[in-house]
Amino acid sequence: MPLVATGEIVGTAVRAGLGAGAFNVIQIEHAQAIVAGAEAAGAPVILQISENAVRYHGALAAIGRAAVEVARAARVPVAVHLDHATGPELVREAVELGFGSVMFDASALDYDGNVAATAEVAAGCHAHGVWVEAELGEVGGKDGVHAPGARTDPAEAAAYVAATGVDALAVAVGTSHAMVAKTAVVDLALVAALRAAVSVPLVLHGSSGVPEADLTRAVEAGLTKVNIATHLNVAYTRAIRDHLADHPEVVDPRRYVAAGRDAVAREVTRLLGLVRATH
């Protein structure tokens, strides 16, 4: 099945009242595992590569091309997405590599600066048929829209979408990045208010910290694209640790990394069910 556009996956989910799972890739094994998990679920999926992952690899090209090739070989629809890019240069590189979407993060700027920078990136991406996600910042909050306690105002969100022309909006509704405990409380009433006010699909970042039943409720309340990274990293690391503890003689990384890859695939299948990625 050919590589598809993120907008196609998210748009189909919106029309069906479903969620779209978006999972972060750090190594090629993550991309393989995410696709295997999606194939087992019979669901579309979005592979995300963050600016932090690009920094880890030293450049986007190698891991980006690998993710695109894994997506092209999949038996379900798979899109490749650039996550949390803070500069237009990385966005342009992702577009050139064939990514179908980018998340441009200008949330560290004030509102006017965010609007100006995001509108310029959106216009450039749209000229190449690339879908754009963005987010609003929190004034004074170094963690931006995902700082603990940050909340997105529905009226401001609607104005921001109209001013920037973005295709999706990441919203602050009670989650935070890099949570390993599922203690986040999603403001479902705010999700519903945002869904009523904003004309584009809504995105939940920091989903690893959300209790699993609340992931389903969040999609039912109006969130569509659900980003998950840390939860998969926990599963990956735990499986490798367990394998090495059980097999201390192993030195071939293919043996223990495969255990992590299999664990991630199983979690992706399960999580796609929780976010209602299929009927």
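# Exercises on a predicted barrel model

At 63% relative accessibility, Arg 75 counts as exposed. The structure is a predicted model, and the exercises below begin with the salt bridge of this residue.

**Exercise 1.** Determine which residue forms a salt bridge with Arg 75, and where the two partners lie.

*Solution.*
Step 1. The partner is Glu 39, with the closest N and O atoms 3.4 Å apart.
Step 2. Arg 75 belongs to the loop between α4 (61-72) and β3, while Glu 39 belongs to helix α2; with the two positions 36 residues apart, the pair links distant parts of the chain.
Step 3. Exposed means over 50% relative accessible area and buried under 20%, so Glu 39, at 21%, counts as partly exposed.

**Exercise 2.** Compare the salt bridges Glu 51 to Arg 55 and Glu 69 to Arg 72 by their place in the helices and by their accessibility.

*Solution.*
Step 1. Between Glu 51 and Arg 55 the closest N and O atoms are 3.2 Å apart. Both residues lie in helix α3 (residues 51-57), four residues apart, which is about one turn of the helix.
Step 2. Glu 51 is buried, with a relative accessible area of 16%, whereas Arg 55 is exposed, at 55%.
Step 3. For Glu 69 and Arg 72, the N to O distance is 2.8 Å. Because these two residues are three places apart in helix α4, about one helical turn separates them.
Step 4. Glu 69 is partly exposed at 45% relative accessibility, and Arg 72 is partly exposed with a relative accessible area of 45%.
Step 5. Elsewhere, salt bridges that share partners join Glu 212, Glu 267 and Arg 270 into one network. The structure holds eight salt bridges.

**Exercise 3.** Describe how strand β2 is covered and how β2 is joined to β1 and β3.

*Solution.*
Step 1. Strand β2 (residues 45-50) is mostly covered, with six of its six residues buried.
Step 2. Val 45, Leu 47 and Ile 49 point one way from the strand, and Ile 46, Gln 48 and Ser 50 point the other way.
Step 3. Strand β1 (residues 20-24) runs parallel to β2 and is joined to it by three bridges; Asn 24 stands opposite Gln 48. From β1 the chain passes through helix α2 (residues 28-41) to β2, in a right-handed β-α-β crossover.
Step 4. Towards β3 (residues 78-85), also parallel to β2, there are six bridges, and Ser 50 stands opposite Asp 83.

**Exercise 4.** Establish which sheet contains these strands and how β1 pairs with β8.

*Solution.*
Step 1. The strands form a closed barrel of eight, in the order β1-β2-β3-β4-β5-β6-β7-β8, with parallel pairing. Neighbouring strands are turned by 25 degrees against each other on average, direction ignored.
Step 2. Four bridges pair β1 with β8 (residues 223-228) in the parallel sense, and Ala 22 has Asn 227 of β8 as its bridge partner.
Step 3. Helix α6 (residues 111-126) lies across β4 (101-104) and β5 (131-135), and runs at about 170 degrees to β5.

**Exercise 5.** Locate Ile 49 within the nonpolar packing.

*Solution.*
Step 1. The largest nonpolar core has 76 residues, and Ile 49 is among those with the most contacts inside it, as are Phe 23, Ile 34, Leu 47, Val 91 and Phe 99. Helix α11 (residues 253-274) gives the most to this core, with seven residues.
Step 2. Leaving aside neighbours within four places in sequence, the contacts of Ile 49 include Val 25, Leu 60, Ile 63, His 81, Asp 83 and Phe 99.
Step 3. Another core, of 13 residues, lies apart; among its members are Val 10, Ala 20, Trp 131 and Ala 170.

Terms used:
Residues are numbered from 1 along each chain as its sequence is written. This is a predicted model: local features need pLDDT of at least 70, side-chain atom pairs count only at pLDDT 80 or more; totals for chains, interfaces and linings use all residues. Side-chain values use heavy atoms; hydrogens and water are left out. Buried means under 20% relative accessible area, exposed over 50%, partly exposed in between (1.4 Å probe, protein chains only). Two strands pair if DSSP finds at least two bridges between them. A crossover is right-handed if, with the strands pointing away from the viewer, the path from the first strand over the helix to the second runs clockwise. A nonpolar core is a set of buried Ala, Val, Leu, Ile, Met, Phe, Trp, Tyr and Cys residues joined through side-chain atoms within 4.5 Å. Contact means heavy atoms within 4.5 Å. Axes are lines fitted to C-alpha atoms, for helices over the stretch in contact, and angles run from 0 to 180 degrees between N-to-C directions. A salt bridge is a side-chain nitrogen of Lys or Arg within 4 Å of a carboxyl oxygen of Asp or Glu.
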